[in-house]
Amino acid sequence: MLTRRQSWTLKTLPHYTLKMSYDKRLTKFARPDFLPEGWYWLLASKEVKRGKPLPARFAGRDFVVFRGEDNRVRALDAHCPHMGAHLCDGAVEGNGIRCPFHRWKFDENGRCVDIPVQTETRHVAPLNSYPCEEAYGLIWLWTGDAGDAEPLPVIPELRGRRTDWAHGNAFTKNCHPNVVMINAIDAHHFRSVHRLIVDLNMKPTALGPRCIEFDNRTPMPRTNPFLRFASRFYADALTYRMTYWWGHTGSVTVGPDFLHFHIIFALRPSEDGRTEGRTILVTPKRKFGAIFNPILLWASKIVGNYFAKGDTLIFSRIKFNLRTPVKADRPILEFIGHYEKQKPASFGRGRQEESKWVSHDLPVI
Ligand code: FES
Ligand SMILES: [Fe+2]
């Protein structure tokens with residue numbers, strides 16, 4: 001992790017110009033005390049069955065997650081504002097949930113709508129409710145205000161197309177998600193770890209304030225007969241494109257011009273400072289897709305594993321600290337500059353504290 005005293009200046013990066021300045025302290029990158037506003041996976045969709053609420057925990061918060069009668073998933077604060085029972089032991093009613101203890105009912109927005117022993121419910125502090133969506137077989141939670149919620153990640157070249165997907169590996173890495181994410185644009189290590197024979201030259205394009213894409217511009221080399229043959233399948237540069245959303249979820253696109261493989265890496269920080277990740281393999285629906293797409297998704301998994309496995313030992317012991325950047329690290333510095341501009345998760349901040357009532361503050365209602 002970068003300590004407060006470390007900084008980079010343009011002087012440390014001679015011979016080329018960086019638009020971003022690193023002479024300021026880094027306050028967000030790879031810091032466990034910073035979480036950007038964004039979507040984070042919470043559970044697998046198949047775990048959340050209709051009528052069966054589940055507990056979930058993320059970023060120091062406990063949630064109850066349940067599927068309402070309309071089949072949509074909701075996430076509320078887990079503990080009842082009456083005496084703190086965990087609502088996952090309660091019952092789903094309509095699109096709301098009833099507490100297992102004194103049977104108070106809360107609607108999908110967290111408002112108390114029924115107290116069995118009285119008609120007055122207006123004075124009960126609402127539970128926080130969190131925007132939730134389902135995509136790629138996962139439940140995703142938005143960590144900001146509902147009005148700020150963005151669309152879930154869509155691989156840019158598949159925008160507007162129907163897709164098939166499959167889950168790859170679930171994994172844990174012994175470092176911050178940012179450190180795992182930048183591995184995909186660490187051009188330097190593709191040769192040293194993965195033995196790639198092409199020097200990638202990743203150029204960034206901001207696709208929005210919270211989304212940045214890095215695209216390789218190096219053509220396929222023609223240094224041996226195999227590469228000369230392979231280069232016929234690339235009209236331009238070797239396809240290697242990495243798109244990041246909120247600094248914690250990214251997609252990689254690789255492959256010859258006639259067949260691209262797409263892999264999403266959905267990462268989140270665990271409470272002990274590690275990374276919990278899921279890989280999602282995606283391919284567009286196509287003619288005879290019922291036959292070909294399972295094969296292509298399986299092949300995408302092989303591609304993903306090739307890149308993921310090579311670094312396993314490194315990530316088991318790394319203490320990330322980029323003290324001596326070199327020219328090949330430039331995409332990493334550009335990613336860090338992008339990440340440092342991310343908005344912090346608001347995550348119902350303030351409202352959580354309001355709900356921590358103690359008995360002497362309260363009128364009896
Ligand atoms: S603790 Fe939930 S109704 Fe009493
Ligand atoms: Fe790697």
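**Exercise 1.** Which residue in E17 is the bridge partner of threonine 249? Place the pairing in its sheet context.

*Solution.* The model is predicted. Step 1: the bridge partner of threonine 249 in E17 is alanine 266. Step 2: that pair belongs to an antiparallel pairing of E16 and E17 over six bridges. Step 3: turn to E15 (residues 240-245), which pairs with E16, also over six bridges and in the antiparallel sense. There, threonine 249 is the bridge partner of tryptophan 245. Threonine 249 thus has a partner in E17, alanine 266, and is itself the partner of tryptophan 245.

Step 4: inspect the connections. The hairpin of E15 and E16 has three residues between the strands, and tryptophan 246 takes a positive phi near 55° in it. Six residues lie between the strands in the hairpin of E16 and E17, where glycine 255 has a positive phi near 125°.

Step 5: consider burial. Strand E16 (residues 249-254) has five of its six residues buried, so the rest of the structure largely encloses it.

**Exercise 2.** Determine which side chains of strand E14 (residues 211-216) are buried, and identify the strands that pair with E14.

*Solution.* Step 1: sort the side chains by face. Ile212, Phe214 and Asn216 point to one face and are buried. Cys211, Glu213 and Asp215 point to the other face and are not buried. The side chains therefore alternate along E14, a residue counting as buried if 20 or more other C-beta atoms lie within 10 Å of its own.

Step 2: take E13 (residues 202-208), which runs antiparallel to E14 and is joined to it by six bridges. Lysine 203 has aspartate 215 as its bridge partner in E14. A hairpin of two residues links E13 to E14.

Step 3: take E15, which pairs with E14 in the antiparallel sense over five bridges. The partner of glutamate 213 in E15 is threonine 243.

**Exercise 3.** Check the length of helix H4 (residues 289-309) against expectation, then assign its buried and exposed sides.

*Solution.* Step 1: at 1.5 Å a residue, the 21 residues of H4 should span 30 Å; the end C-alpha atoms are 29 Å apart, which agrees.

Step 2: list the buried residues of H4, namely Asn293, Leu296, Leu297, Ser300, Gly304 and Ala308. These cover an arc of only 115° around the axis, which means they lie on the same side of H4.

Step 3: list the exposed residues on the other side of H4: Ile291, Ile295, Trp298, Ile302, Tyr306 and Lys309.

Step 4: ask what covers the buried residues. The cover includes strand E12 (163-173), E17 and strand E18 (275-284).

**Exercise 4.** Describe the largest nonpolar core and the surroundings of valine 65.

*Solution.* Step 1: the largest nonpolar core has 71 residues, and those touching the most other members are Leu42, Val65, Ile139, Trp140, Leu141 and Ile185. Strand E17 (residues 261-269) gives the most to this core, with six residues. At least three residues come from each of domain 1 (39-144 + 347-361) and domain 2 (156-339).

Step 2: leaving out residues up to four places away in sequence, valine 65 touches Leu42, Leu43, Val48, Pro53, Leu54, Ala56, Val73, Ala75 and Ile139.

Step 3: look at E3 (residues 61-67), which runs antiparallel to E2 and is joined to it by five bridges. In E3, valine 64 stands opposite proline 55. E2 and E3 are part of an open antiparallel sheet of four strands, in the order E2-E3-E4-E9. Strand E2 (54-58) and strand E9 (129-130) are at the edges with a single partner strand each, so one side of each has no neighbour in the sheet.

**Exercise 5.** Locate asparagine 109 and classify its exposure.

*Solution.* Step 1: asparagine 109 lies in the loop between E7 and E8. These strands belong to an open antiparallel sheet in the order E5-E6-E7-E8.

Step 2: asparagine 109 counts as partly exposed because it has 15 C-beta neighbours inside 10 Å.

Step 3: beyond its neighbours within four places in sequence, asparagine 109 is in contact with Pro126 and Ser129. Asparagine 95 is 14 residues away along the chain, and the C-alpha atoms of the two asparagines are separated by 9.5 Å.

Note on methods
Residues are numbered from 1 along each chain as its sequence is written. Chains are lettered from A and ligands numbered from 1 in the order in which they are written. This is a predicted model: local features need pLDDT of at least 70, side-chain atom pairs count only at pLDDT 80 or more; totals for chains, interfaces and linings use all residues. Two strands pair if DSSP finds at least two bridges between them. A nonpolar core is a set of buried Ala, Val, Leu, Ile, Met, Phe, Trp, Tyr and Cys residues joined through C-beta atoms within 7 Å. A residue is buried if 20 or more other C-beta atoms lie within 10 Å of its own, exposed if 12 or fewer, and partly exposed in between; C-beta atoms are placed from the backbone. Domain bounds come from an automatic or database domain assignment. Two residues are in contact if their C-beta atoms, placed from the backbone, lie within 7 Å. The expected span of a helix is 1.5 Å times one less than its number of residues. The arc is that of the directions from the helix axis to the C-beta atoms.
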